[in-house]
Amino acid sequence: MLTIAPEKILSDLIQIDSSNPPGNETAVAVYLKKLFDDAGIVGEIIEPEEGRGSYIVRLGQGSKKLLYIAHSDVVPVGDGWDFKPFSGEIKNGVVHGRGALDCKDLIAAQVSAALRLVEEKVPLNGELIIAVTADEEIGGRLGAGFLAERRPELIQADFAVNEGADQPIMIKNKLAYFLQVGEKGTAWCTLKAHGTAGHGSVPTLADNAVVKMARAVSRLHNYRAEVVVVPEVEKLLKSLAKLCGIEVQALGPNEVDALLDQLPLEKAFVESLRSMTRMTVSPNQIRGGTKTNIVPDYCEADIDIRILPGQDCEYVEKELRLIINKEIEIEFNEYRAPTFSSSRESFYRLMEEVTLGLAGDNAICLPVISAGSTDSKFLRGAGIPSYGIGHMASGFDQQARTTVHGKNERIDIESLSLKTDFLKELARRYLA
Ligand SMILES: [Zn+2]
């Protein structure tokens, strides 16, 4: 058997258009099945709906189980690309196309790592499970969600490694790699204000619902959420402070914002740190009124609320009620619980060790909580501690950072190799 380079696998995967909708992830599953079949390892395609297949394959035997998961669908490409989004062209050490960073790169790295373990006949004391899942970009119901609910035996594992962490950033002279240990939940709600309609020429006779809502929205905008520092985020903030030469003794709720305001780091990063330390509330849509000369008797507003591990709808309602008066109804219309996996697991330390072993003395590993969600929510929901990575090589193209879900998505081969080496070494060591 001849090893296929991860960049070749990635290029092939990019050429399979699995834009979701409609998905068509079965084509990816079929491609991967053939790759493993050729290596003498037979996996399975699970297809809850036509064309929406996920692929699962297992290597090794034993009681230990390690799951590598990555999604096979991509977001639609849109216009304005400088190259063909599904060409998969490899040029100047870079693989080009939709999915190159989210997250066909991870599939290519996982598959390539597994095939190398097979080729090198590395003995595995346990199972390495690779799950390439459909439908993640629209919530994962037909992919990881389906597997977790209907075929949990296929993905049951001691630990899982997934996408979900930011790419590394250079801080002073250290390259900080992130390990995602949690994802914030969503508690989207609609606020509803009622009033009394009337003629716009005599507004004092009416009770204006838009004005009531405007007051509520303005209070929401000024709301300062309680600062909550989970131990992993405390470690993250203290490590960043140390790297930046800022002395931090305690890191209570009062000190967090003072530290964040001092960190000499990019604003986007600092604000993402701020969102890891509190619930965020953003009033993003408002509807009310019908005509210029009618005082409106109804107005509603949609609020995007993201909650931390440990918070729930009850917490959100209690907080909102402190600032929004009783007259305004609060209706929750989309709730997804936050998820979390502890960094105190020995597996987490192994991930750190393997990262530093590959990235060198110049690197550091830090835990993070994401504001968005991935398939990890299903795994954590099924009791599988799950960790997200975003590993890249030290010289990776910083400009490519913004191409995820954007245009001109691409990855350098060096970063793809680092991901592959990391996953191969992690499996080898965990299943030793
Ligand atoms: Zn993704």
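In this predicted model, helix 3 (residues 104-119) packs against helix 13 (residues 413-430) at an angle of about 50°, and the two axes sit 8 Å apart. Helix 3 is therefore oblique to helix 13. The way helix 3 passes helix 13 is a right-handed crossing. On the helix 3 side, the contact is built from D105, L106, A108, A109, Q110, S112, A113, R116 and L117. Helix 13 brings L416, K419, T420, L423, K424, A427 and R428 to the contact. Sorted by character, the residues where these helices touch come out as eight nonpolar, five charged and three polar.

Next up is strand 7 (residues 159-162), and its side chains first. F159 and V161 point one way from the strand, while A160 and N162 point the other way. Whichever way they point, these four residues of strand 7 are all buried.

As for partners, strand 7 pairs with strand 3 (residues 61-71) in the parallel sense, over three bridges. Within that pairing, V161 of strand 7 is the bridge partner of Y68. Strand 7 is also joined to strand 18 (residues 386-389), again by three bridges, and these two strands run parallel as well. Here A160 is the residue of interest: it stands opposite S386 in strand 18. Put together, V161 bridges to Y68, and A160 faces S386, with F159 and V161 pointing one way and A160 and N162 the other.

Elsewhere, four strands form an open sheet in the order 12-14-10-15, and the pairing in this one is antiparallel. Its edges are strand 12 (280-288) and strand 15 (329-336), each of which pairs on one side only. On average, and with direction ignored, neighbouring strands of the sheet are turned by 20° against each other.

At the strand 12 edge, the partner is strand 14 (residues 298-307), and the two pair in the antiparallel sense over eight bridges. One of the residues involved is T280, whose bridge partner in strand 14 is R306.

The sheet has a helix to go with it. Helix 6 (residues 209-222) lies across strand 10 (185-194), strand 12 and strand 14. Relative to strand 12, helix 6 runs at about 165°. Among the strands that helix 6 lies across is thus an edge strand of the sheet, strand 12.

Note on methods:
Residues are numbered from 1 along each chain as its sequence is written. This is a predicted model: local features need pLDDT of at least 70, side-chain atom pairs count only at pLDDT 80 or more; totals for chains, interfaces and linings use all residues. Axes are lines fitted to C-alpha atoms, for helices over the stretch in contact, and angles run from 0 to 180 degrees between N-to-C directions. Angles under 35 degrees count as roughly parallel, over 145 as roughly antiparallel, 65 to 115 as roughly perpendicular and the rest as oblique. A crossing is left-handed if the near helix is turned anticlockwise from the far one by less than a right angle, and right-handed if clockwise. Two residues are in contact if their C-beta atoms, placed from the backbone, lie within 7 Å. Ala, Val, Leu, Ile, Met, Phe, Trp, Tyr, Cys and Pro count as nonpolar, Asp, Glu, Lys and Arg as charged, and the others, Gly among them, as polar. A residue is buried if 20 or more other C-beta atoms lie within 10 Å of its own, exposed if 12 or fewer, and partly exposed in between; C-beta atoms are placed from the backbone. Two strands pair if DSSP finds at least two bridges between them.
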